[in-house]
Amino acid sequence: MAELINQARTKAGLPALVYDAELSAQAAKNLKYYQSTGQIPGQSMLYQTAVNGGYSSLGQTMVSGADVKTLVDKQLAKYASQSLLNSKYNSIGLVITETKNGLLCVQLLAAKKNVQVQPRPSQHQHQSLHQHQHQHLRQSRRLSQPLLSLL
């Protein structure tokens, strides 16, 4: 998913987003809140995350789809200028879970100070992240937990 998101940002002339573990942890909490209440976490929860995490700006998207490419395509169609292609964001955290209707993704994007933005991951970083994502997918399907909590 990271590669698809950052490819879209590169095409738009924007730097790649940097993975943020704190944002992914919060995305997982927001997903759990949604699953237990049926409500998307509101501005007050996002504001608290921003204040506690030292972010100057924070946005959230939630999409569902049959596969990862569909998730990214839906995000680009629905939230491109507000999130994925918004130049103010430099960090990302997300979680994907499998539901009876396909995949569900909660994604947080943030502007964080002192983030080292790299236009594209190195080949080694890309391969490592890709292998890590597939390992999470295999484990999660066996454990019925969120599929991944990273890019």
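Which residue in S3 does Tyr19 stand opposite? The structure on display is a predicted model, and the tour begins with this pair.

**Stop 1: strands S1 and S3**

Select Tyr19 together with Ile92; Ile92 is the residue of S3 that stands opposite Tyr19. Next, extend the selection to strand S1, residues 18-19, and to S3. These strands run parallel and are joined by two bridges.

Now colour S3 by burial. Seven of its nine residues are buried, so the strand is largely enclosed by the rest of the structure. A residue is called buried when its relative accessible area is under 20%.

**Stop 2: the hairpin**

Add S4 to the view. S3 and S4 form a hairpin, with two residues between the strands. Their pairing is antiparallel and extends over nine bridges. To inspect a single pair, select Leu94 and find Gln107 in S4, its bridge partner.

**Stop 3: the nonpolar cores**

Keep Leu94 selected and add Met1, Ile5, Leu71, Ile96 and Cys105. Within the largest nonpolar core, which has 15 residues, these six touch the most other members. Helix H4 (68-79), strand S3 (91-99) and strand S4 (102-112) are the elements that contribute two or more residues to this core. In soluble globular proteins, nonpolar side chains tend to be buried together.

Centre the view on Leu71. Leaving aside residues up to four places away in sequence, Leu71 touches Met1, Val63, Ser64, Gly65, Ile96, Leu103 and Cys105.

There is also a second, separate core of twelve residues; select Leu23, Met62, Val95 and Val106, which are among them.

**Stop 4: helices H1 and H4**

Display helix H1, residues 2-11, beside H4. The two axes come within 9 Å and cross at roughly 35 degrees. The crossing of H1 past H4 is right-handed.

Which residues of H4 do Leu4, Ile5 and Ala8 in H1 meet? Select Val68, Lys69, Val72, Gln75 and Leu76 to see the H4 side of this contact. Sorted by class, the residues of the contact between H1 and H4 are six nonpolar, one polar and one charged.

**Stop 5: Ala66**

Finally, move to the loop between strand S2 (55-65) and H4, where Ala66 lies. Is Ala66 buried or exposed? Its relative accessibility is 66%, and Ala66 therefore counts as exposed, since the term applies over 50%.

Draw a distance between the C-alpha atoms of Ala66 and Leu103. The viewer should show a separation of 5.9 Å, although these residues are 37 residues apart along the chain. Leu103 has already appeared on this tour, as one of the residues that Leu71 touches.

Definitions and conventions
Residues numbered from 1 in each chain as written. Predicted model: local features only at pLDDT ≥ 70, side-chain atom pairs only at ≥ 80, totals over all residues. Heavy atoms only, no water. Core = buried A, V, L, I, M, F, W, Y, C linked by side-chain atoms within 4.5 Å. Buried < 20%, exposed > 50% of the residue type's maximum accessible area, 1.4 Å probe, protein only. Helix = DSSP H or I, 4+ residues; strand = E, 2+ residues; numbered from the N terminus. Contact = heavy atoms within 4.5 Å. Pairing = 2+ DSSP bridges. Axes fitted to C-alpha atoms, helices over the stretch in contact; angles between N-to-C directions. Left-handed = near helix turned anticlockwise from the far one by under 90°. Nonpolar A, V, L, I, M, F, W, Y, C, P; charged D, E, K, R; others polar.
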